[in-house]
Amino acid sequence: MKKLFERMENFRESTKTKKALHLTMVTINGVVHNAQWNDIQNEVNADDLFRQ
């Protein structure tokens, strides 16, 4: 998770954006709900992508 937050901060600095950044995980099987799961704002899985 630390690396993801570093990437978000690098993006924020390089684009000089003042807008909110949201950590969103796009996965096939979903995200394991462990201690770091609370740091993820949004989750998109295969069911969401292929819902009709």
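What span should the 14 residues of helix 1 have at 1.5 Å a residue, and how far apart are its end C-alpha atoms? The expected span is 20 Å, and the end C-alpha atoms of helix 1 are 20 Å apart, so the two values agree. The model discussed here is predicted.

## Overall fold and dimensions

The protein chain contains two helices and two strands. Read from the N terminus, these elements follow the order α-β-β-α.

The radius of gyration of the protein chain is 13 Å, whereas a compact globule of 52 residues would have a value near 10 Å. Along the principal axes, the C-alpha atoms occupy a box of roughly 35 × 30 × 15 Å.

## Burial, surface and contacts

Of the 52 residues in the protein chain, 10% are buried. The exposed area of the protein chain comes to about 4700 Å², and 53% of this area is supplied by carbon and sulfur atoms.

Contacts that span long stretches of sequence were also examined. When contacts between residues at least 6 apart in sequence are considered, 10% of them join residues at least 24 apart.

## Helix 1 and the residue after it

Helix 1 covers residues 2–15 and holds both Glu9 and Arg12. These two residues are three positions apart, about one turn of the helix. They form a salt bridge in which the closest N and O atoms are 3.4 Å apart. Glu9 has a relative accessible area of 35% and is therefore partly exposed. Arg12, with a relative accessible area of 28%, is partly exposed as well.

Lys16 comes just after helix 1 and belongs to the loop between helix 1 and strand 1. Its phi is near 55 degrees, a positive value in a residue other than glycine. Is Lys16 buried or exposed? Its relative accessibility is 65%, so Lys16 counts as exposed, the cut-off being over 50%.

## Salt bridges

How many salt bridges does a search of the whole structure find? The search finds two. Side chains of opposite charge can pair when their charged atoms come close. One of the pairs is Glu9 with Arg12, described above.

Asp48 and Arg51 also meet through their side chains in a salt bridge, with an N to O distance of 2.8 Å. The partners fall in separate accessibility classes: Asp48 is partly exposed because its relative accessibility is 32%, while Arg51 is exposed because its relative accessible area is 60%.

## The nonpolar patch and helix 2

Which residues make the nonpolar surface patch of about 360 Å²? The patch is made by Val26, Leu49 and Phe50. Val26 is located in strand 1, which runs over residues 24–26. With a relative accessibility of 58%, Val26 passes the cut-off of over 50% and so counts as exposed.

Leu49 sits in helix 2, residues 46–49. Leaving aside residues up to four places away in sequence, Leu49 touches Val26 and Val44. The contact with Val26 links Leu49 to a fellow member of the patch. Leu49 can also be placed relative to Ile28: the two residues are 21 apart in sequence, and their C-alpha atoms are 9.2 Å apart in space.

Notes
Residues numbered from 1 in each chain as written. Predicted model: local features only at pLDDT ≥ 70, side-chain atom pairs only at ≥ 80, totals over all residues. Heavy atoms only, no water. Patch = residues over 30% accessible without salt bridge, like charges linked within 9 Å, V, L, I, M, F, W, Y side chains within 5 Å. Areas by Shrake-Rupley, 256 points an atom, 1.4 Å probe, with all protein chains shown as cover. Salt bridge = Lys/Arg side-chain N within 4 Å of Asp/Glu carboxyl O. Helix = DSSP H or I, 4+ residues; strand = E, 2+ residues; numbered from the N terminus. Buried < 20%, exposed > 50% of the residue type's maximum accessible area, 1.4 Å probe, protein only. Rg over C-alpha atoms; globule rule 2.2 N^0.38 Å. Contact = heavy atoms within 4.5 Å. Expected span 1.5 Å × (residues − 1).
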